[in-house]
Amino acid sequence: MVPPPQIAGKGGRRRGALSATPQWAASGLRLLVTMVVTFLGLLAVTFFIGRVVPIDPVLAAVGDRASGETYEAMRRELGLHLPLWQQFLIYVGKALQGDFGTSVLTSNPVLEDVKRVFPATLELATVATFIGIIFGIPAGVLAAVKRGTWVDHVIRVIGLMGYSVPVFWLGLMGLLILYARLDLVAGPGRIDLLYEGMVPSFTGVILLDAALAGEWDVFWNAVSHIVLPASILGYFSLAYISRMTRSFMLEQLRQEYITTARVKGLPERTVVWRHALGNAWVPLVTVIALSYGTLLEGSVLTEIVFSWPGLGSYITNSLLNADMNAVLGGTVVVGCVFIGLNLLSDFLYRKLDPRAR
């Protein structure tokens, strides 16, 4: 006897829920294991780099004029007399507690220094990413729609220049022309000395803190400082995002559902911007996340040219002063940012694409 449809439907939903639960749990477990293994691999790489680099951390701490007794005492205090595997376990244990040692350059815990300088890099990279998204995605869509025309060639050349021109040269030329000659933007630094300390630091991001405090003079002064370095970084982000958007759009425009939409008489604007771009957004999420992570890590030259007190400048100055605790701690933070962005992009990918669930 065939069971009633209503009972079968309830049972089907119940069986589906029971079968979906282990799959969800297994996916979450795999993600957790991947994250843990990646983090441990990052710690292993930074630890062994710190041991291979020809810089003596003991001399960096006590100086080259210290006595032998002082040198040996500091060596034992740093745990460098222990076997390598034991040093690594101690390093992992401290890193899990947020302890990356003390900076020789500032005499502060490395994590405190990173908390102080990271908001500046976050602010710069975020504004640059927004510039890349706002201009890069429409440029990529237009290049795909106008494939093979002069519009496509111009956009591709602009993107190619974004990959080819050195960032420090663009920064210096921007300062020379837009700041020194035309006086259209403010100079190096995050803010003028006149406005230093006028806004309470809630987040460390000057634009956000000034807006929350209602200090619009400080806000617009910070905008005038950030617009040039963010535009230069945004140009490189634009080049990458526009190229990938063009590639994804070309793939979508060849699909059968696009032909069907056009046959049904839908406006071309709806076909391109709603249907094709709507499906291209799924892989674009990963592209944008990776571009954002690259800007957070790779803005060293821009920060140096514009005297931007961010994480890149901090790591560079620490490396030049043989402050390996600061270098390795900053590197681990950047790696954790990449891990977090990858997890976020994977989560958004699953939300946007039902096939990946």
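Here are some friendly notes on this predicted model, from the overall fold down to single residues.

1. Let's start with the whole chain. The fold is built from helices: there are 14 of them and 0 strands. Of the 357 residues, 38% are buried. The chain exposes about 20600 Å², and carbon and sulfur atoms supply 66% of that area. Long-range contacts are well represented too: among contacts between residues at least 6 apart in sequence, 71% join residues at least 24 apart.

2. Next comes the main core. The largest nonpolar core has 45 residues, and the ones with the most contacts inside it are L43, V114, V218, L296, L311, Y314 and V332. Several helices each supply at least two residues of this core, among them helix 1, helix 4 (84–96), helix 5 (110–145) and helix 8 (206–213). Helix 9 (216–253), helix 11 (268–298), helix 13 and helix 14 (324–352) also each supply at least two. Which helix gives the most to this core? That is helix 14, with 10 residues.

3. You may like to display L296, listed above among the residues with the most contacts inside the largest core. Leaving aside residues up to four places away in sequence, L296 touches F118, T121, L122, A125, V337 and L341. A second core, separate from the largest one, has 19 residues and includes A144, F248, A276 and V287.

4. Helix 13 deserves a closer look. Spanning residues 311–320, helix 13 is mostly covered, with 7 of its 10 residues buried. Those buried residues are L311, G312, S313, Y314, I315, T316 and S318. Two of these names, L311 and Y314, also appear among the residues with the most contacts inside the largest core. Following helix 13 is A322, whose phi is positive, near 60°.

5. A polar residue in helix 9 is also worth a view. Is S237, which lies in this helix, buried or exposed? S237 counts as buried because its relative accessibility is 1%, and the cut-off for buried is under 20%. Its contacts, not counting residues up to four places away in sequence, are A128, T129, G132, S291 and L295.

6. On to the aromatic rings. The whole structure holds 7 aromatic pairs. One of them joins F219 and W220 in an edge-to-face arrangement, with 5.1 Å centre to centre and 85° between the planes. The two partners differ in cover: F219 is buried, with a relative accessible area of 17%, whereas W220 is exposed, with 56%. Elsewhere, F47, F48, F88 and Y91 form one aromatic cluster.

7. Finally, the surface. Which residues make the nonpolar surface patch of about 580 Å²? They are L29, L32, V33, M35, V36, V37 and L40. M35 is found in helix 1 (residues 5–52), a helix that also supplies at least two residues of the largest core. With a relative accessibility of 31%, M35 counts as partly exposed. M35 can therefore belong to the patch, since patches take residues with over 30% relative accessible area, and its 31% is over that cut-off. As background, nonpolar side chains in soluble globular proteins tend to be buried together.

Conventions. Residues are numbered from 1 along each chain as its sequence is written. This is a predicted model: local features need pLDDT of at least 70, side-chain atom pairs count only at pLDDT 80 or more; totals for chains, interfaces and linings use all residues. Side-chain values use heavy atoms; hydrogens and water are left out. Patches are made of residues with over 30% relative accessible area and no salt bridge: like charges are joined within 9 Å, nonpolar side chains (Val, Leu, Ile, Met, Phe, Trp, Tyr) within 5 Å. Accessible areas come from the Shrake-Rupley method with a 1.4 Å probe; for residues, only the protein chains shown count as cover. A salt bridge is a side-chain nitrogen of Lys or Arg within 4 Å of a carboxyl oxygen of Asp or Glu. Helices (H or I, at least four residues) and strands (E, at least two) are DSSP runs, numbered from the N terminus. Buried means under 20% relative accessible area, exposed over 50%, partly exposed in between (1.4 Å probe, protein chains only). Rings of Phe, Tyr and Trp (its six-membered ring) pair if their centres lie within 6.5 Å; planes under 30 degrees apart count as stacked, over 60 as edge-to-face and the rest as tilted. A nonpolar core is a set of buried Ala, Val, Leu, Ile, Met, Phe, Trp, Tyr and Cys residues joined through side-chain atoms within 4.5 Å. Contact means heavy atoms within 4.5 Å.
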